[in-house]
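Got your viewer open? Here's a short guided tour: at each stop you'll get something to select, and then a note on what's there.

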Amino acid sequence: MRNPVDAPPASYTESGTWPDGPLTPDAPPTAHAGQALARSLRALMRARSLSARALAARTGTTHPTVRRILTGAGLVDVRTVFLLEVALQAPLWPADLYADFHRRKATSGPDPQQVPAVDQESGDG
(Lines give C-alpha, C1' and ligand atoms only; values in the text may rest on other atoms or scores of the structure.)
Protein backbone atom coordinates (compact mmCIF):
# COMPACT_ATOMS: atom_id res chain seq x y z
CA MET A 1 0.00 0.00 0.00
CA ARG A 2 1.64 3.14 -1.17
CA ASN A 3 1.15 6.71 -0.11
CA PRO A 4 1.60 8.87 -3.21
CA VAL A 5 2.08 11.96 -1.02
CA ASP A 6 5.28 10.79 0.69
CA ALA A 7 8.60 11.34 -1.04
CA PRO A 8 10.99 8.39 -1.43
CA PRO A 9 12.29 7.24 1.96
CA ALA A 10 15.94 8.13 1.27
CA SER A 11 14.99 11.77 0.65
CA TYR A 12 14.41 12.10 4.40
CA THR A 13 18.01 11.21 5.29
CA GLU A 14 19.24 14.06 7.47
CA SER A 15 22.95 13.28 7.32
CA GLY A 16 25.22 10.43 6.36
CA THR A 17 24.12 7.87 3.82
CA TRP A 18 20.97 5.83 3.35
CA PRO A 19 19.92 3.65 5.13
CA ASP A 20 22.36 4.22 8.00
CA GLY A 21 22.04 7.97 8.47
CA PRO A 22 19.44 9.48 10.78
CA LEU A 23 16.15 10.64 9.31
CA THR A 24 14.88 14.20 9.45
CA PRO A 25 12.53 15.02 12.34
CA ASP A 26 9.62 15.42 9.90
CA ALA A 27 10.16 12.05 8.20
CA PRO A 28 6.83 10.25 7.74
CA PRO A 29 6.15 6.69 8.88
CA THR A 30 6.89 5.41 5.36
CA ALA A 31 10.47 6.71 5.58
CA HIS A 32 11.03 4.97 8.91
CA ALA A 33 9.57 1.72 7.59
CA GLY A 34 11.59 1.99 4.38
CA GLN A 35 14.79 2.54 6.32
CA ALA A 36 14.22 -0.43 8.63
CA LEU A 37 13.27 -2.63 5.68
CA ALA A 38 16.36 -1.60 3.70
CA ARG A 39 18.63 -2.36 6.65
CA SER A 40 17.08 -5.80 7.21
CA LEU A 41 17.15 -6.69 3.52
CA ARG A 42 20.76 -5.57 3.12
CA ALA A 43 21.86 -7.61 6.15
CA LEU A 44 20.13 -10.78 4.91
CA MET A 45 21.46 -10.37 1.39
CA ARG A 46 25.01 -9.93 2.71
CA ALA A 47 24.71 -12.88 5.09
CA ARG A 48 23.55 -15.10 2.24
CA SER A 49 25.81 -13.61 -0.45
CA LEU A 50 22.82 -12.74 -2.62
CA SER A 51 22.81 -10.10 -5.33
CA ALA A 52 19.72 -8.08 -6.21
CA ARG A 53 19.37 -10.17 -9.39
CA ALA A 54 19.62 -13.47 -7.55
CA LEU A 55 17.09 -12.41 -4.94
CA ALA A 56 14.73 -11.05 -7.61
CA ALA A 57 14.88 -14.37 -9.43
CA ARG A 58 13.87 -16.17 -6.23
CA THR A 59 10.94 -13.84 -5.59
CA GLY A 60 9.56 -13.42 -9.08
CA THR A 61 10.08 -9.66 -8.88
CA THR A 62 12.66 -7.54 -10.69
CA HIS A 63 16.13 -6.56 -9.56
CA PRO A 64 15.31 -2.83 -9.95
CA THR A 65 12.56 -3.35 -7.35
CA VAL A 66 15.06 -4.89 -4.94
CA ARG A 67 17.50 -2.03 -5.65
CA ARG A 68 14.79 0.59 -4.99
CA ILE A 69 14.19 -0.89 -1.55
CA LEU A 70 17.91 -0.99 -0.78
CA THR A 71 18.50 2.57 -1.99
CA GLY A 72 15.31 4.05 -0.53
CA ALA A 73 14.33 5.30 -3.97
CA GLY A 74 10.72 4.26 -3.70
CA LEU A 75 7.96 3.04 -1.45
CA VAL A 76 7.45 -0.70 -1.34
CA ASP A 77 4.17 -2.57 -1.47
CA VAL A 78 3.07 -5.31 0.92
CA ARG A 79 3.13 -7.99 -1.77
CA THR A 80 6.80 -7.37 -2.51
CA VAL A 81 7.74 -7.47 1.17
CA PHE A 82 5.89 -10.74 1.58
CA LEU A 83 7.53 -12.30 -1.49
CA LEU A 84 10.95 -11.29 -0.18
CA GLU A 85 10.21 -12.74 3.25
CA VAL A 86 9.04 -16.02 1.70
CA ALA A 87 12.11 -16.25 -0.53
CA LEU A 88 14.49 -15.43 2.33
CA GLN A 89 12.51 -17.39 4.94
CA ALA A 90 13.08 -14.51 7.35
CA PRO A 91 11.10 -11.51 8.58
CA LEU A 92 11.87 -8.17 6.94
CA TRP A 93 9.00 -5.96 8.03
CA PRO A 94 9.89 -4.08 11.24
CA ALA A 95 7.22 -5.56 13.51
CA ASP A 96 7.71 -3.18 16.42
CA LEU A 97 8.48 0.00 14.50
CA TYR A 98 5.13 1.54 15.43
CA ALA A 99 6.15 1.73 19.09
CA ASP A 100 9.52 3.32 18.34
CA PHE A 101 7.94 5.78 15.91
CA HIS A 102 5.30 6.74 18.46
CA ARG A 103 7.95 7.37 21.15
CA ARG A 104 9.93 9.63 18.80
CA LYS A 105 6.86 11.59 17.76
CA ALA A 106 5.59 11.91 21.33
CA THR A 107 8.59 14.06 22.21
CA SER A 108 8.03 16.44 19.30
CA GLY A 109 4.35 17.31 19.83
CA PRO A 110 1.18 16.50 17.89
CA ASP A 111 1.58 14.85 14.51
CA PRO A 112 -1.00 15.78 11.87
CA GLN A 113 -0.23 12.55 9.98
CA GLN A 114 -0.91 10.38 13.04
CA VAL A 115 -3.35 7.57 12.36
CA PRO A 116 -6.41 7.74 14.66
CA ALA A 117 -6.52 5.16 17.42
CA VAL A 118 -8.76 2.16 16.86
CA ASP A 119 -11.67 1.86 19.28
CA GLN A 120 -11.01 -1.54 20.89
CA GLU A 121 -14.71 -2.20 21.57
CA SER A 122 -16.21 -1.39 18.19
CA GLY A 123 -13.19 -2.20 16.03
CA ASP A 124 -13.21 1.12 14.21
CA GLY A 125 -11.60 4.52 14.74
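Let's start with Ser49: at 68% relative accessibility, this residue counts as exposed, because the cut-off for exposed is over 50%. Keep in mind as you click around that this is a predicted model. Ser49 sits in the loop between α1 and α2. Look at its backbone too: phi of Ser49 is near 50°, a positive value in a residue that isn't glycine. What makes that worth a stop? Most residues other than glycine have a negative phi.

**Zoom out**

Now show the whole chain as a cartoon. You should find 5 helices and 0 strands, so reading from the N terminus the elements go α-α-α-α-α. Of the 125 residues in the chain, 36% count as buried. Among contacts between residues at least 6 apart in sequence, 49% join residues at least 24 apart.

**Helix α1**

Select residues 29-47, which make up helix α1. Does the length agree or disagree with what you'd expect for a helix? At 1.5 Å a residue, its 19 residues should span 27 Å, and the end C-alpha atoms are 27 Å apart, so the two agree. Next, colour the buried residues of α1: among them are Ala31, His32, Gly34, Gln35, Leu37, Leu41, Leu44 and Met45.

**Where α1 meets α3**

Keep α1 on screen and add α3, residues 63-71. The axes of α1 and α3 come within 7 Å and cross at roughly 120°. That angle makes α1 oblique to α3. Which residues make the contact? On the α1 side, select Leu37, Ala38, Leu41, Arg42 and Met45; on the α3 side, select Val66, Ile69 and Leu70. Colour them by type and you get 7 nonpolar, no polar and 1 charged.

**Where α2 meets α4**

Hide those and bring up α2 (residues 52-59) with α4 (residues 78-88). The axes of α2 and α4 come within 9 Å and cross at roughly 100°. That makes α2 roughly perpendicular to α4. From α2, the contact uses Leu55, Arg58 and Thr59, while α4 brings Leu83, Leu84, Ala87 and Leu88. The residues of this contact split into 5 nonpolar, 1 polar and 1 charged.

**Into the core**

Time to go inside. In soluble globular proteins, nonpolar side chains tend to be buried together. Here, the largest nonpolar core has 17 residues, and Leu41, Met45, Leu55, Val66, Leu84, Leu88 and Leu92 touch the most other members. The elements that give two or more residues to this core are α1, α2, α3 and α4. Which helix gives the most? That's α1, with 4 residues.

Pick Leu84 and show what surrounds it. Not counting residues up to four places away in sequence, Leu84 touches Leu41, Leu55, Thr59, Val66, Ile69 and Leu92. Apart from the largest core lies another core, of 6 residues, including Tyr12, Leu23, Ala27 and Ala38.

**A buried threonine**

Stay in α4 and click on Thr80. Is Thr80 buried or exposed? At 7% relative accessibility, Thr80 counts as buried, because that is under the 20% cut-off. Leaving aside its neighbours within four places in sequence, Thr80 is in contact with Thr65 and Ile69.

**The loop after α4**

Move on to the loop between α4 and α5, where you'll find Gln89. Like our opening serine, Gln89 isn't a glycine, and its phi is positive, about 50°. At 66% relative accessibility, Gln89 counts as exposed.

In that loop between α4 and α5 you can also pick out Pro91. At 67% relative accessibility, Pro91 counts as exposed. Draw a distance from Pro91 to Ser40: these two are 51 residues apart in sequence and 8.4 Å apart in space, C-alpha to C-alpha. Setting aside neighbours within four places in sequence, Pro91 is in contact with Leu44 and Glu85.

**Last stop: a cis bond**

Finally, head to the segment before α1 and select Pro19. What kind of peptide bond joins Trp18 and Pro19? A cis one, with omega at about -5°. For comparison, most peptide bonds are trans.

Conventions. Residues are numbered from 1 along each chain as its sequence is written. This is a predicted model: local features need pLDDT of at least 70, side-chain atom pairs count only at pLDDT 80 or more; totals for chains, interfaces and linings use all residues. Side-chain values use heavy atoms; hydrogens and water are left out. Buried means under 20% relative accessible area, exposed over 50%, partly exposed in between (1.4 Å probe, protein chains only). Contact means heavy atoms within 4.5 Å. The expected span of a helix is 1.5 Å times one less than its number of residues. Axes are lines fitted to C-alpha atoms, for helices over the stretch in contact, and angles run from 0 to 180 degrees between N-to-C directions. Angles under 35 degrees count as roughly parallel, over 145 as roughly antiparallel, 65 to 115 as roughly perpendicular and the rest as oblique. Ala, Val, Leu, Ile, Met, Phe, Trp, Tyr, Cys and Pro count as nonpolar, Asp, Glu, Lys and Arg as charged, and the others, Gly among them, as polar. A nonpolar core is a set of buried Ala, Val, Leu, Ile, Met, Phe, Trp, Tyr and Cys residues joined through side-chain atoms within 4.5 Å.
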